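Here are my notes on the model, as numbered points. Please read them with the structure open.

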Amino acid sequence: MSFSADSAEAVAAAFRTEFGRAVSVLYRSLGDLDRAEDAVQEAFAVAVARWPVDGVPTAPAGWIITTARRRAIDRLRREAVGRKREAEATELLALATSLESVDTGPVSDDRLRLIFTCCHPALGPEARVALTLRLLGGLSTAEIARAFLVPEATLAQRISRSKAKIRQARIPYRVPSAADLPGRLASVLAVVYLIFNEGYSASAGDRLVREELCAEAIRLARLLVAVLPEEPEAAGLLALLLLIDARRPARLDRDGAMIALPDQDRTLWDASLITEGHSIVRRCLVLGRPGPYQLQAAIQAVHDDAARARDTDWRQIVTLYDQLLRAQPSPVVSLNRAVAVAEADGPSAGLIAAEPLRGPLADFYLLHGVRAGLLARVGRDVEAAEEYDAALRLCGNASERAFLERRRGLLPEG
């Protein structure tokens, strides 16, 4: 690998792992998300130009934050000089001065504060999640738009309006008091879960797994449990992430090809994460306050309990999905339930359960992939091929596309 390639990879790695933290640190002093994000993006642009020449710094995160801070200071001072009104110029210079003393060392909860800021109830639910994924997860607008199944331009406008509302309403940068938590916690948990999902099954690109996003989501989930020890849904989310992440070492073969859950080598699963996840699920059951994340964690616990795929208690999973649908009805939950029904009662029953979803999930590649597999199992090969083709048209991840192509290739010709 050339030196230039090494430095490019280092910039990309720093962006994946440090973008959210850098924005959080800058926003703490600037109080303006656009200014903070612009400064951090400028810092990464400088890194692209400088690191191939000067070498990758020993502390890339500190370098990015320091450079972003300097860029923000320079911009604020230029703006202050150009301001006609003395009060505005004074305010900008004061911001620049405050930035000069920003602590760039490890900050345990800056990102958590930013999540709660972005999840203020004054913002719409989808806007909260989209904004936080952009700023904390470092996801591109295009990636988030795919996750929301909306046009990229629509998503960009939604994020822009959310930033403006936070600025205009002077929404505070802090973890809210106990009285304010109920209005925000659901969105915060949803954001952390979506960050993990994007890491575990990337919506686009060549990599199926983005390990840094999985690790960040688990770190944030642990922090939420520490900050909110009496919230069973926070604990349920942590258990859910641990139980899913435990299977990550078995998801790809030596060539990087995706392996479906039933075909994974379960000896590769991380036993320590499974043990921890099971322990949390048991503690949640004692509390007797079941919620969506606790129920999803219980479902994953049943999967992880099975030493072999054929030992999976699918009827228990169907029962848990029935409870989850009552707590959090959604087409995606119904699709997962249809998969469980197919395993418990046969592929024809799964197809019947999935039939009502063909409208609401018409543009969701997993619906077509699931239907294709079930149709193949009942011998309806022509329809299965059509569904695989639809899934391939909609799937944005190269690894998942290769998996679907392999499955389609197993169908009889003709």
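1. Start at Val-192. Setting aside residues up to four places away in sequence, Val-192 touches Ile-115, Ala-217, Leu-220, Ala-221, Leu-224, Leu-237 and Leu-241. Keep in mind that this is a predicted model.

2. Val-192 belongs to the largest nonpolar core, which has 87 residues. Leu-114, Val-192 and Leu-241 are the residues with the most contacts inside that core. Another core lies apart from it and has 20 residues. Phe-364, Ala-372, Leu-375 and Ala-385 are among them.

3. Now the chain as a whole. Its secondary structure comes to 19 helices and zero strands. The chain has 414 residues, and buried residues make up 50% of them. The exposed area is about 19400 Å². Carbon and sulfur atoms supply 53% of that area. Take the contacts between residues at least 6 apart in sequence: 65% of these join residues at least 24 apart.

4. Next, helix α6 (residues 125-135) against α8. Their axes are 9 Å apart, and the packing angle is about 90°. Angles of 65 to 115 degrees count as roughly perpendicular, and α6 and α8 are therefore roughly perpendicular to each other. On the α6 side, the contact involves Glu-126, Ala-127, Ala-130, Leu-131, Arg-134 and Leu-135. These meet Leu-155, Arg-158, Ile-159, Ser-162, Lys-163 and Ile-166 in α8. By class, the contact of α6 with α8 has seven nonpolar residues, one polar and four charged.

5. Helix α8 (residues 152-169) also meets helix α2 (residues 33-54). The two axes come within 9 Å and cross at roughly 125°. That angle makes α2 oblique to α8. Leu-33, Asp-34 and Glu-37 in α2 meet Lys-163, Ile-166 and Arg-167 in α8. The class count for this contact of α2 with α8 is two nonpolar, no polar and four charged residues.

6. Lys-163 and Ile-166 deserve a look. Both take part in the contact of α8 with α6. Both also appear in the contact of α8 with α2.

7. Last, Gln-300. Is Gln-300 buried or exposed? Gln-300 is buried, because its relative accessible area is 12% and the cut-off for buried is under 20%. The residue sits in helix α13 (residues 292-305). Leaving aside neighbours within four places in sequence, Gln-300 is in contact with Leu-240, Leu-243, Ile-244 and Arg-247. Check Leu-242 as well: its C-alpha atom is separated from that of Gln-300 by 9.5 Å, with the two residues 58 apart along the chain.

Conventions. Residues are numbered from 1 along each chain as its sequence is written. This is a predicted model: local features need pLDDT of at least 70, side-chain atom pairs count only at pLDDT 80 or more; totals for chains, interfaces and linings use all residues. Side-chain values use heavy atoms; hydrogens and water are left out. A nonpolar core is a set of buried Ala, Val, Leu, Ile, Met, Phe, Trp, Tyr and Cys residues joined through side-chain atoms within 4.5 Å. Buried means under 20% relative accessible area, exposed over 50%, partly exposed in between (1.4 Å probe, protein chains only). Contact means heavy atoms within 4.5 Å. Axes are lines fitted to C-alpha atoms, for helices over the stretch in contact, and angles run from 0 to 180 degrees between N-to-C directions. Helices (H or I, at least four residues) and strands (E, at least two) are DSSP runs, numbered from the N terminus. Angles under 35 degrees count as roughly parallel, over 145 as roughly antiparallel, 65 to 115 as roughly perpendicular and the rest as oblique. Ala, Val, Leu, Ile, Met, Phe, Trp, Tyr, Cys and Pro count as nonpolar, Asp, Glu, Lys and Arg as charged, and the others, Gly among them, as polar. Accessible areas come from the Shrake-Rupley method with a 1.4 Å probe; for residues, only the protein chains shown count as cover.
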